[in-house]
Amino acid sequence: MTATASRNRIALVTGASRGLGRHSALKLAEEGIDLILTYQRGEAQAQEVVRQAEALGRRALALQLDVGDSRSFDAFAARVKSALASHWQRQQFDYLVNNAGTGLHASIAETTEEQFDALLNIHLKGTFFLTQKLLPLIADGGRILNTSSGLARFSFPGYAAYAAMKGGVEVLTRYLAKELGPRGISVNTVAPGAIATDFNGGAVRDTAQVNAQIAGVTALGRVGLPDDIGAAVASLLAEGNGWINGQRIEVSGGMML
Ligand SMILES: NC(=O)c1ccc[n+]([C@@H]2O[C@H](COP(=O)([O-])OP(=O)(O)OC[C@H]3O[C@@H](n4cnc5c(N)ncnc54)[C@H](OP(=O)(O)O)[C@@H]3O)[C@@H](O)[C@H]2O)c1
């Protein structure tokens, strides 16, 4: 029996006020998993996700977090610790889903250092140090899911800085898996293809030409929907599925095969 098998499991999902994080969180709630959600600006939207999870019979709460501000992570970890004690009478949670993030479409020639640094802080430094600060709060036998992108495997002009950060997240995932193995914690990366969310100004969802172009290079013939990723996240965190470790799992309907 794993350390997590005998009690309610708790997942911490970053960036769960909207998009992939929101749908992942609600799929996890449907599977009986309690939730600590984070939002950056969308408090009302995050509280709505909390209400929906509670309607599914789960315990849930939402905390503010900027994953681009590593100086705030000690204070955030302290708030998670106190929320675990007050809501669950526990000292640790089970699953960390590092999902929060923003995109950028700019050629290498046009990308500014400020844009590069923002992506670096959010995606790579944020994933590295948020995970580091939360490690004492993750139960032995737990799991971590990081978020990459199909763009770290295939290349479209305009995504160099963003995709380079996601490539770093994939390497970090393997090192985390190696170092956390002795604690029984498995670590994987989900790499979504293009999904219809607010991401990058909602281009995949709202721009017919972009949508059709992506559908045309996807084996299953359409763009991804947020629930496609939510379902994958929930199945990767399902009990009995803990032997997948150190892997990049692309969830793209077969984009750019
Ligand atoms: N959609 C795609 O096509 C796609 C494809 C591959 C990978 N991804 C990756 O999937 C993840 C989620 O993308 P999405 O499509 O769900 O995007 P989205 O719909 O734009 O939602 C982004 C979420 O992340 C939060 N967030 C943004 N910047 C943050 C920051 N600095 N600190 C904390 N939270 C922050 C937002 O919070 P607030 O709303 O509360 O501010 C929101 O909850 C990202 O890592 C993205 O790179 C997306």
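**A tour from the ligand shell to helices H6 and H7**

Begin by selecting the shell around the ligand, which by class has 12 nonpolar, 15 polar and five charged residues; keep in mind throughout that this is a predicted model. Of the 32 residues in that shell, Arg18, Leu20, Asn99, Tyr162 and Thr197 come nearest to the ligand, and are worth displaying as sticks.

Next, colour helix H1 (19-30), helix H4 (113-134) and helix H5 (160-180), since each of these helices supplies at least two residues of the shell around the ligand.

Now move to Gln40, Arg41 and Gly42, and show their backbone atoms. A polar backbone atom of Gln40 lies 2.9 Å from an oxygen atom of the ligand, and for Arg41 a polar backbone atom is likewise placed 2.9 Å from a ligand oxygen, while for Gly42 the corresponding distance to an oxygen atom of the ligand is 2.8 Å. If you then switch on the surface, you will find that the protein covers 96% of the 900 Å² of accessible area that the ligand has on its own.

Finally, select helix H6 (residues 199-206) together with helix H7 (residues 208-216), whose axes come within 6 Å and cross at roughly 70°. Angles of 65 to 115 degrees count as roughly perpendicular, and H6 and H7 are therefore roughly perpendicular to each other. To see where they touch, display Ala203, Val204, Arg205 and Asp206 in H6, which meet Ala208, Val210, Asn211 and Ile214 in H7; by class, this contact has five nonpolar, one polar and two charged residues.

Methods: Residues numbered from 1 in each chain as written. Predicted model: local features only at pLDDT ≥ 70, side-chain atom pairs only at ≥ 80, totals over all residues. Heavy atoms only, no water. Axes fitted to C-alpha atoms, helices over the stretch in contact; angles between N-to-C directions. Helix = DSSP H or I, 4+ residues; strand = E, 2+ residues; numbered from the N terminus. Parallel < 35°, antiparallel > 145°, perpendicular 65-115°, else oblique. Contact = heavy atoms within 4.5 Å. Nonpolar A, V, L, I, M, F, W, Y, C, P; charged D, E, K, R; others polar. Near = heavy atom within 4 Å. Polar contact = N/O pair within 3.5 Å; in protein donor to acceptor, adjacent residues only side chain to side chain. Areas by Shrake-Rupley, 256 points an atom, 1.4 Å probe, with all protein chains shown as cover.
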